[in-house]
Amino acid sequence: MGDVAKDLTAGTIGGAAQLIVGHPFDTIKVKLQSQPAPLPGQPPKYSGAMDAVKQTVAAEGPRGLYKGMGVPLATVAAFNAVLFSVRGQMEALLRSEPGALLTVNQQFVCGAGAGIAVSFLACPTELIKCRLQAQSALASSSASSVAVKYGGPMDVAKHVICEAGTKGLFKGMFPTLAREVPGNAVLFGVYEALKQYFAGGQDTSGLGRGPLMLAGGLGGAAFWLAVYPTDVVKSVIQVGDYKNPKYSGSVDAFRKILASEGIKGLYRGFGPAMARSVPANAACFLAYEMTKSSLG
């Protein structure tokens, strides 16, 4: 099996493992990010991550934590195939000779390139996911189109296309790029740096499950530490009304959130995001490496 085919297969399996482990955390993150600002003197809909979990399970049952998973699961093959195969091809281009160990800086470049490619799949996928996840948090806001109760992923896509055409599915493309490009540069850079550290600067193919999981988990944490505010901006733009948008663009959203809520407004849902990133990315990279190794 060729290198591209190995990356496609291993990336798909790794992405599925990441999604299954991490989706409930992602649901809570989006609910916290997109809840409407409380009226003066009134408490917010969710007081924190655990309160969001309790309210979600009480209102929708445990399956409410997996709302919006259909689209990412259906597209995880394409998403991770692009991410890992583009990164693999960039690694091949940067190697001085087959099998040569790349520097950490070169791994940053490979991650950034993969981030550009994957953004074009991530944007419409996450728009649908976020609107499904956020609708219960925004149900009390009559001014928001997300108060519509979507029947599922295809229903979201149909509503969006009817409202704004196909281009409506790419709402939030700029903050998606602003998250994926530097985020994946950091993710893969940190992941490979830790692998090389654990292997003593030698060949990393013999590393055990523990070091691979630790490197993957810490790489995922580094991703969110580097780009989290851009994810908040992306979420609020993607769940917003098409006809009467609250924000004119990414910069406007950033400024308004900062003005009304301060720095903490740009870190809404940060706890669930970090709690998700470590186990989800540990599962993803372990599954990826084990699958690729088994393919020879």
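**Figure 1. Burial and contacts of Asp-26 in the predicted model.** Asp-26 counts as buried in this predicted model, because its relative accessibility is 8% and the buried class covers values under 20%. The residue belongs to helix H1, which spans residues 3-34. Leaving aside residues up to four places away in sequence, Asp-26 touches three partners by name: Lys-129, Gln-133 and Arg-276.

**Figure 2. Surroundings of Leu-214 in helix H7.** Helix H7 comprises residues 209-238, and Leu-214 lies within this helix. Is Leu-214 buried, partly exposed or exposed? With a relative accessible area of 43%, Leu-214 is partly exposed, since this class lies between the 20% limit for buried residues and the 50% limit for exposed ones. In sequence, Leu-214 and Ala-282 are 68 residues apart, yet in space their C-alpha atoms are 6.4 Å apart.

**Figure 3. Cys-110 and the disulfide count.** The number of disulfides in the model is 0. Cys-110 accordingly takes part in no disulfide; its nearest cysteine sulfur belongs to Cys-284 and is 17 Å away. Cys-110 has a relative accessibility of 0% and therefore counts as buried.

**Figure 4. Cys-130 and its closest cysteine sulfur.** Why does Cys-130 form no bond with Cys-123? The sulfur of Cys-123 is the closest cysteine sulfur to that of Cys-130, but the distance of 9.7 Å is too far for a bond, because a disulfide requires the two sulfur atoms to be within 2.5 Å. Cys-130 is also buried, with a relative accessible area of 1%.

Methods:
Residues are numbered from 1 along each chain as its sequence is written. This is a predicted model: local features need pLDDT of at least 70, side-chain atom pairs count only at pLDDT 80 or more; totals for chains, interfaces and linings use all residues. Side-chain values use heavy atoms; hydrogens and water are left out. Helices (H or I, at least four residues) and strands (E, at least two) are DSSP runs, numbered from the N terminus. Buried means under 20% relative accessible area, exposed over 50%, partly exposed in between (1.4 Å probe, protein chains only). Contact means heavy atoms within 4.5 Å.
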